[in-house]
Amino acid sequence: MGDAVSRERYTPRERTDYRRELNDDLETFDAYLQQAEFVSRGTIGMELELNLVDEQMAPAPVNLDVLKTLDDADFQSEIGSFNFEMNHPVLSVEGDGLRELEDGLRERLDRAAAAAVQHNSSVAMIGTLPTLTEQFLESPEWITPENRYKALSNAVMDSRGELVTIDLADREVLNHDFEDIAPESSCTSMQLHLQVSPERFAEAWNASQAIAGVQAALSANSPLFLGRKVWHESRIPVFAQAIETRPPELIAQGVRPRVWFGERWITSIFDLFEENVRYFPALLPESREESGSPIMRGEAPALHYLNLHNGTVWRWNRPIYAPSSDGLAHVRVENRLLPAGPTVVDMVADAALYYGLVKFLGEQTRPVWSRLPFKTAEKNFMTAARSGLYARQEWPTLGAIDVAKLVHEHLVPQARRGLEKLGVNEKLIDRYMGIIDGRAVGRQNGALWQLRTLSNIRPKKAAPGSPERQKALALMLEQYMENQAKGEPVHTWKIGE
């Protein structure tokens with residue numbers, strides 16, 4: 001949620017007016033797609049959500065203080081008072097682009113860390129902060145005091161009409177009710193951007209959906225929620241349950257969830273925007289005038305209503321239309337399913353795998369999505385989120401296959417070829433694909449390191465929610481952050497104790 005809003009709730013008149021404007025924007029977008037020229041340089045970008053912790057490794061609700069010290073447009077607030085977001089400028093993946101991304105991330109993280117120290121806190125890159133507690137998320141201090149976040153929480157709760165229930169079970173069980181969407185603040189992600197031309201968008205999005213399970217399994221880094229050992233990438237179900245706007249009756253009727261994998265392969269970017277308008281009522285019906293949004297940005301329509309609405313439908317691969325003040329607009333895929341961390345080099349390796357696979361798969365004569373049922377792709381995604389590197393995936397011509405074997409024997413070679421087609425420096429291809437292959441073959445990602453380390457250091461009596469478990473979680477997180485600071489890829493980390 002990057003846009004400011006003027007209030008915390010809206011009237012029926014404002015909602016009715018917004019619906020009319022939203023439908024007009026959809027028609028304008030349709031016409032613009034058919035006749036306009038778009039920027040299509042194929043650039044890449046990244047957004048990274050970060051946590052702040054104090055000396056005890058507990059969440060530090062000082063994000064606005066840290067942002068004030070940074071005073072930099074590359075950094076923005078997030079919904080949690082212990083979260084903030086870092087944006088990396090767009091660049092080309094060609095040549096040394098991935099190395100530029102790695103260097104740029106490190107430089108910005110160093111600045112963020114220096115600012116955090118001034119407010120007695122440290123920066124942690126991790127999918128879900130393991131030391132979060134029910135008590136903190138139930139206190140007023142969890143949320144950043146800005147209208148847009150309060151409005152979002154109010155809109156979700158008003159729509160749902162009931163408490164938010166987080167219900168997870170795997171090695172341990174969690175079932176807890178919340179008065180608002182506070183659990184959403186635990187879900188810190190890395191978001192990859194891929195700019196494409198409108199006519200190539202469908203193949204890029206379809207390829208992104210097809211490999212979502214592989215991404216989730218390889219990069220899982222959120223195995224602990226409120227101190228319980230749950231899914232390897234528990235951020236996926238926690239986010240979906242925290243932003244659930246449907247009571248059980250609407251779920252039973254088949255109403256679509258706002259945190260959505262989707263339901264079909266597409267032929268155009270317009271398919272996704274049309275579904276968003278058709279299936280989902282407005283959560284934040286902020287008028288263009290109140291938001292201060294212009295009608296046009298250069299020669300491109302701003303489409304305020306369509307873009308604001310699109311930001312409140314949380315697809316794991318989100319379509320983005322971005323008008324520019326310098327003239328032309330562009331469209332991109334926003335790949336939103338990866339967790340933050342463990343290290344900069346791990347995240348850039350994840351990015352390299354994603355960009356390489358999307359390129360390779362998108363240019364196949366018989367693309368993977370023509371042979372993979374969409375429901376199977378969704379099942380692959382959820383299975384991977386639950387089991388991580390021990391998941392099995394259904395893949396065309398291979399059947400049910402261990403995800404680590406799929407990556408090592410098939411997808412890493414394909415990603416290499418995709419990166420070669422993109423003109424990436426050969427040494428960088430070797431560097432980043434070597435990290436991905438090492439992670440798969442060694443079966444160690446952030447989630448497995450956390451679980452194995454916690455098992456090493458906790459006494460058997462350290463039950464979930466106990467002071468002993470919290471102490472063990474803090475010690476594990478401290479060791480995680482020490483490894484993070486060293487910067488070596490997670491598959492090389494020694495299990496803590």
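Hi everyone. Helices H6 and H13 are oblique to each other, and that is where I'd like to start. This is a predicted model, so please keep that in mind as we go. H6 covers residues 198-210 and H13 covers residues 344-362; the two pack at an angle of about 120 degrees, with their axes 9 Å apart. Their crossing is right-handed. On the H6 side, the contact is made by Glu203, Ala204, Ala207 and Ser208, and on the H13 side by Tyr354, Val358, Leu361 and Gly362. Sorted by class, that contact has 5 nonpolar residues, 2 polar ones and 1 charged one.

Let's move along to helix H7, residues 212-219. How many residues of H7 are buried? The count is 8 of the 8, so H7 is largely enclosed by the rest of the structure. If you want to find them on your screen, they are Ala212, Gly213, Val214, Gln215, Ala216, Ala217, Leu218 and Ser219.

Let me pick one of these, leucine 218. Its relative accessibility is 1%, and buried means under 20%, so leucine 218 counts as buried. And what does leucine 218 touch, once we set aside residues up to four places away in sequence? The answer is Leu353, Leu389, Val407, Ile436, Arg439, Ala440 and Asn445. For a sense of distance, leucine 218 and glycine 254 are 36 residues apart in sequence, and their C-alpha atoms are 31 Å apart in space.

One of those contacts, Val407, takes us to helix H15. This helix runs over residues 403-421 and bends by about 45 degrees at leucine 411; proline 413 follows within four residues. Several H15 residues are buried, including Val403, Ala404, Leu406, Val407 and Leu411. Further along H15, Val412, Gln414, Ala415, Gly418 and Leu419 are buried too. What covers them? The cover includes helix H3, our friend H7, H13, strands S16 and S17, and helix H16.

H16 deserves a closer look. The axes of H15 and H16 come within 9 Å and cross at roughly 170 degrees. Angles over 145 degrees count as roughly antiparallel, and therefore H15 and H16 are roughly antiparallel to each other. From H15, the residues that meet H16 are Ala404, Val407, His408, Val412, Ala415, Arg416, Leu419 and Glu420. Their partners in H16 are Ile429, Asp430, Met433, Gly434, Ile436, Asp437, Ala440 and Val441. By class, this contact divides into 10 nonpolar, 2 polar and 4 charged residues.

Strand S17 was on that covering list, and aspartate 402 lies in it. Is aspartate 402 buried or exposed? With 17% relative accessibility, aspartate 402 counts as buried. Leaving out residues up to four places away in sequence, aspartate 402 touches Leu389, Ala391, Arg392 and Arg443. Leu389 may sound familiar, as leucine 218 touches it as well.

Last stop: isoleucine 251, found in helix H9, residues 248-252. Here the relative accessibility is 40%, so isoleucine 251 counts as partly exposed. Apart from neighbours within four places in sequence, isoleucine 251 is in contact with Glu244 and Arg246. Its C-alpha atom is separated by 23 Å from that of valine 173, and those two residues are 78 apart along the chain.

That's my tour. Thanks for listening, and I'm happy to go back to any part of it.

Notes
Residues numbered from 1 in each chain as written. Predicted model: local features only at pLDDT ≥ 70, side-chain atom pairs only at ≥ 80, totals over all residues. Heavy atoms only, no water. Axes fitted to C-alpha atoms, helices over the stretch in contact; angles between N-to-C directions. Parallel < 35°, antiparallel > 145°, perpendicular 65-115°, else oblique. Left-handed = near helix turned anticlockwise from the far one by under 90°. Contact = heavy atoms within 4.5 Å. Nonpolar A, V, L, I, M, F, W, Y, C, P; charged D, E, K, R; others polar. Buried < 20%, exposed > 50% of the residue type's maximum accessible area, 1.4 Å probe, protein only. Bend = angle between axes of the 7 residues up to and from the residue.
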